[in-house]
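This report introduces a structure to a reader who has not met it before. It moves from the chain as a whole to selected helices and single residues.

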Amino acid sequence: MYERLVKVYPEVDDYKLYYAQSLHKAGMYAEALKACQSIENPAYAQKVNMLQVSIMYEQEEIQHAKTMLNQISASSVETIIAQGCLLYKEGNYEEARIKFQEAINVSGYQCDLAYNIALCYYKLKQLAPSLKYIADIIEKGVREHPELGVGSNAEGIEVKSVGNTQILKETALVEAFNLKAAIEFTMKNVEASREALLDMPPRDESEL
């Protein structure tokens, strides 16, 4: 759709950006970079640069991503998160954790950032703080979104899939439960690991 809009309205930079983003999401990275280069409006520079960083990150071009990131405002939350992601990719888990915490301090609590911190702690083999962050994510998800059916997927009970909705993605519940299961398994708590997998919001097999 956006490819067509770009051809019909080549003067509309929003359509060019949306087209580049759609190519990125589809994993068409070379095409996405080419689409980025067609946006010359300085007002879009930061968004375009951030998209290019994401593309390079996906392609494992970490040094190029770092170079591009240096051209973006260092104080923006997006930049701080990107720095954290690049540090994580390099195996610098403690530095990455600090960046994700900084992002929360600036923007407020976000479940995906809390999950990133939990994952950093897991990689650092600090399981207790990792479990604490996971517990916070789950508690928030249960409190604010009872419709997601956390804990309803018990054996022998047929439950309706909640689907892969945007709300589910924003809660980071699936990621949190998967990480909890991995931690419990590492600690040889096999039953607790199994319960974590059963407690996550119910989805059909095709949606997993």
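Two residues are in contact when heavy atoms of theirs lie within 4.5 Å of each other. In this predicted model, residues 24 or more positions apart account for 52% of the contacts with a separation of 6 or more.

## The chain as a whole

The secondary structure consists of 12 helices and 0 strands. Read from the N terminus, the order of elements is α-α-α-α-α-α-α-α-α-α-α-α. The C-alpha trace extends over about 55 × 40 × 25 Å along its principal axes. The chain has 208 residues, of which 38% count as buried.

## Two helix pairs

The first pair to be described is formed by helix α6 (residues 77-89) and helix α7 (residues 93-107), whose axes come within 8 Å and cross at roughly 165°. Angles over 145 degrees count as roughly antiparallel, and α6 and α7 therefore are roughly antiparallel to each other. The crossing in which α6 passes α7 is left-handed. On the α6 side the contact is made by Val 77, Ile 80, Ile 81, Gln 83, Gly 84, Cys 85, Leu 87 and Tyr 88. The residues contributed by α7 include Tyr 93, Ala 96, Phe 100, Ala 103 and Val 106, together with the charged Glu 95, Lys 99 and Glu 102. By class, this contact of α6 with α7 holds 11 nonpolar, 3 polar and 3 charged residues.

Helix α9 (residues 127-144) packs against helix α11 (residues 173-186) at an angle of about 145°, and their axes are 10 Å apart. The crossing of α9 and α11 is left-handed. From α9, the residues in contact are Leu 127, Ser 130, Leu 131, Ile 134, Ile 137, Ile 138 and Gly 141. Among their partners on α11 are Leu 173, Ala 176, Phe 177, Leu 179 and Ile 183. The residues of this contact divide into 10 nonpolar, 3 polar and 2 charged.

## Helix α4 and its surroundings

Helix α4 (residues 45-58) has 14 residues, which at 1.5 Å a residue should span 20 Å; its end C-alpha atoms are 20 Å apart, so the two values agree. Which residues of α4 are buried? They are Val 48, Asn 49, Met 50, Leu 51, Gln 52, Val 53, Ile 55 and Met 56. The cover over these buried residues includes α2 (13-25), α3 (29-37), α5 (62-69) and α6.

## Single residues

Val 174 is part of helix α11. Its relative accessibility is 12%, and Val 174 therefore counts as buried. Leaving aside residues up to four places away in sequence, Val 174 touches Leu 168, Met 200 and Arg 203. Between Val 174 and Tyr 29 there are 145 positions in sequence and 27 Å in space, C-alpha to C-alpha.

Two loop residues have a positive phi without being glycine: Glu 60 and Lys 188. Glu 60 follows just after α4, in the loop between α4 and α5. Lys 188 is placed in the loop between α11 and α12 (190-199). The table sets out their values.

| Residue | Phi | Relative accessibility |
|---|---|---|
| Glu 60 | near 65° | 52%, exposed |
| Lys 188 | about 65° | 71%, exposed |

How values were computed
Residues numbered from 1 in each chain as written. Predicted model: local features only at pLDDT ≥ 70, side-chain atom pairs only at ≥ 80, totals over all residues. Heavy atoms only, no water. Axes fitted to C-alpha atoms, helices over the stretch in contact; angles between N-to-C directions. Helix = DSSP H or I, 4+ residues; strand = E, 2+ residues; numbered from the N terminus. Parallel < 35°, antiparallel > 145°, perpendicular 65-115°, else oblique. Left-handed = near helix turned anticlockwise from the far one by under 90°. Expected span 1.5 Å × (residues − 1). Buried < 20%, exposed > 50% of the residue type's maximum accessible area, 1.4 Å probe, protein only.
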